[in-house]
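Dear colleague,

I am passing on a structure that you have not yet worked with. Please look through it first, and then read the notes below it.

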Amino acid sequence: VTGASFVVFNGALKTSSGFLAKSSIVEDGLMVQITAETMENLRQALRDKKDFKITCGKTDTGDIKEYVDICWVENEEKTNKR
């Protein structure tokens, strides 16, 4: 679990890169590089207020260790206030 002050979603990752998605820490935030197709699916999930999971790692590796989960919560007391 990584806490971040901000998240940047970059939809310019090429499918030929060999990655499903890539995440990296940038200053005190998180940058997630995703394909254009995943970006469109993320946008739709945000419009619909639905949870969305981004799987990070190489496409040819069965050992995927990172996920970026976007979750909608009902109880705001459990979220970061700042």
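What share of the 82 residues in the protein chain do buried residues make up? They make up 21% of them. Please keep in mind throughout that this is a predicted model.

As for the overall layout, the protein chain has 1 helix and 5 strands, and from the N terminus on these elements follow the order β-β-β-α-β-β. Among the contacts in the protein chain with a separation of 6 or more, 39% are between residues 24 or more positions apart. The area that the protein chain exposes is about 6500 Å², of which carbon and sulfur atoms supply 48%.

The largest nonpolar core has 12 residues, namely Ala21, Leu30, Val32, Ile34, Met39, Leu42, Ala45, Phe52, Ile54, Cys56, Val68 and Ile70. At least two residues of this core come from each of β3, α1, β4 (52–58) and β5 (66–70). Phe52 is one of the core residues, and, if its neighbours within four places in sequence are left aside, Phe52 is in contact with Thr38, Asn41, Leu42, Ala45, Val68, Asp69 and Ile70.

A second place to look is Thr35, which lies in the loop between β3 (29–34) and α1 (36–47). Thr35 counts as buried because its relative accessible area is 9%, with the limit for that class set at under 20%. The side chains of Thr35 and Thr38 are joined by a polar contact of 3.0 Å. Leaving aside its neighbours within four places in sequence, Thr35 is also in contact with Gly11, Leu13, Thr15 and Leu20.

The last residue in that list, Leu20, is found in strand β2 (residues 19–26). Is Leu20 buried or exposed? Leu20 is partly exposed, because its relative accessible area is 34%, and this class takes in what lies between buried, under 20%, and exposed, over 50%. The C-alpha atoms of Leu20 and Gly57 are separated by 5.7 Å, although these residues are 37 residues apart along the chain.

Finally, there are the aromatic rings. The count of aromatic pairs comes to 0, but two rings have a lysine over the face. Lys22 lies over the face of Phe19, at 5.0 Å from the ring centre, and Lys53 lies over the face of Tyr67, at 4.3 Å from the ring centre.

With best regards

Note on methods:
Residues numbered from 1 in each chain as written. Predicted model: local features only at pLDDT ≥ 70, side-chain atom pairs only at ≥ 80, totals over all residues. Heavy atoms only, no water. Phe/Tyr/Trp six-rings, centres within 6.5 Å; stacked < 30°, edge-to-face > 60°. Lys NZ or Arg CZ within 6 Å of the ring centre and 35° of its normal. Helix = DSSP H or I, 4+ residues; strand = E, 2+ residues; numbered from the N terminus. Buried < 20%, exposed > 50% of the residue type's maximum accessible area, 1.4 Å probe, protein only. Polar contact = N/O pair within 3.5 Å; in protein donor to acceptor, adjacent residues only side chain to side chain. Contact = heavy atoms within 4.5 Å. Areas by Shrake-Rupley, 256 points an atom, 1.4 Å probe, with all protein chains shown as cover. Core = buried A, V, L, I, M, F, W, Y, C linked by side-chain atoms within 4.5 Å.
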